[in-house]
Amino acid sequence: MCFYLTLDDYLAQWFINEHGGNNPVRLKRGSPECDIVELYMAVPPRDDYIPEMGELFQVPVLFPHTRGKDPQYYHYLPPKAYAALVACIRTRFDVQMWEELHRFGYIGKQKSELIYAWMEKHGIEDTERNWCAIAKRYQRKRKIFQNNMRRARKNAKK
């Protein structure tokens, strides 16, 4: 049994690559995503419940087999758990991107090849759209980091 995630292209490609590159995705045991799904997978709320079928641009994810929760019966992910799972994926992406790219300092137009190399390393398709989305996420994280550093220096002087 599968459930389907709606993610941006670059995020979906990264997520699939992080979990072994299989389609449908088999969550790695012990990963934060697997932990969320294992905790919140439930028996469908109604007897007439029909699982959603995937659409184009959705990532199919297999419900994990756990002790006491057979996916044959536990094949429902409540809406708030689904939202928590998507938030977890976005957060993990941001953390990994920041950890691996921030040491290069300012990434502007002259250093775009660093982002393209990072994309290649993580199985993200080499497109301008993906590059722009990732560069924008990186710039936002960098701005937050710089503001926090300025604030810390300012407080240290007091």
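Mentor: Before we look at helix H4, keep one cut-off in mind: a residue is called buried if its relative accessible area is under 20%, exposed if that area is over 50%, and partly exposed in between. The model we are reading is a predicted one.

Trainee: Which residues of H4 are buried?

Mentor: Ser112, Ile115, Trp118 and Met119 are the buried residues of H4.

Trainee: How do you know that they are on the same side of H4?

Mentor: The directions to be compared run from the helix axis to the C-beta atoms, and for these residues they cover an arc of only 120 degrees, which puts them on the same side of H4. The general background is that an α-helix has 3.6 residues a turn, so residues three or four places apart point the same way. On the face of H4 turned away from this buried side we find the exposed residues Glu120 and Lys121, while the buried residues themselves are covered by elements that include H1, H3 and H5.

Trainee: Why is lysine 121 called exposed?

Mentor: Its relative accessible area is 57%, and a value over 50% counts as exposed, so lysine 121 meets that condition.

Trainee: What makes the contact between lysine 121 and glutamate 100 a salt bridge?

Mentor: The distance from N to O is 3.5 Å, and the condition is that a side-chain nitrogen of Lys or Arg lies within 4 Å of a carboxyl oxygen of Asp or Glu, so the pair qualifies. Lysine 121 lies in helix H4 and glutamate 100 in helix H3, so the salt bridge ties together parts that are 21 residues apart in sequence. Unlike lysine 121, which is exposed, glutamate 100 is buried, at 18% relative accessible area.

Trainee: What else does the structure hold in the way of salt bridges?

Mentor: It holds eight of them. One of these joins the side chains of arginine 90 and aspartate 8 at 3.7 Å from N to O, linking helix H3 to the loop between S1 and H1 across 82 residues of sequence.

Trainee: Why are arginine 90 and aspartate 8 called partly exposed?

Mentor: Arginine 90 has a relative accessibility of 27% and aspartate 8 one of 36%; neither value is under 20% or over 50%, so both residues fall in between.

Trainee: How do you know that arginine 92 and glutamate 18 meet in a salt bridge?

Mentor: Their side chains are 3.5 Å apart from N to O, which is within the 4 Å that the definition allows. Arginine 92 lies in helix H3 and glutamate 18 in helix H1, so this pair ties together parts that are 74 residues apart in sequence. Arginine 92 is partly exposed at 25%, whereas glutamate 18 is buried at 15%. Glu18 and Arg92 also belong, with Glu33, to a network of salt bridges.

Trainee: Why is the ring pair of tryptophan 98 and phenylalanine 145 called tilted?

Mentor: Of the seven aromatic pairs in the structure, this one has ring centres 5.2 Å apart and planes at 50 degrees. The centres lie within the 6.5 Å needed for a pair, and an angle that is neither under 30 nor over 60 degrees counts as tilted, so the name follows. Tryptophan 98 lies in helix H3 and phenylalanine 145 in helix H5, so the pair bridges 47 residues of sequence. Tryptophan 98 counts as buried at 17%, but phenylalanine 145 counts as partly exposed at 38%.

Trainee: What makes the contact between glutamine 58 and threonine 6 a polar contact?

Mentor: The contact joins the two side chains at 2.8 Å, and the limit for a suitable donor and acceptor pair of N or O atoms is 3.5 Å. Glutamine 58 has its place in strand S2 and is buried, since its relative accessible area of 17% is under the 20% cut-off.

Trainee: Which residues have the most contacts inside the largest nonpolar core?

Mentor: They are Leu5, Leu7, Phe15, Phe93 and Ile134, in a core of 35 residues. Helix H3 gives the most to this core, with nine residues. Leaving aside residues up to four places away in sequence, phenylalanine 15 touches Leu5, Leu7, Val25, Leu27, Glu33, Val59, Val61 and Ile89.

Terms used:
Residues are numbered from 1 along each chain as its sequence is written. This is a predicted model: local features need pLDDT of at least 70, side-chain atom pairs count only at pLDDT 80 or more; totals for chains, interfaces and linings use all residues. Side-chain values use heavy atoms; hydrogens and water are left out. A nonpolar core is a set of buried Ala, Val, Leu, Ile, Met, Phe, Trp, Tyr and Cys residues joined through side-chain atoms within 4.5 Å. Buried means under 20% relative accessible area, exposed over 50%, partly exposed in between (1.4 Å probe, protein chains only). Helices (H or I, at least four residues) and strands (E, at least two) are DSSP runs, numbered from the N terminus. Contact means heavy atoms within 4.5 Å. Rings of Phe, Tyr and Trp (its six-membered ring) pair if their centres lie within 6.5 Å; planes under 30 degrees apart count as stacked, over 60 as edge-to-face and the rest as tilted.
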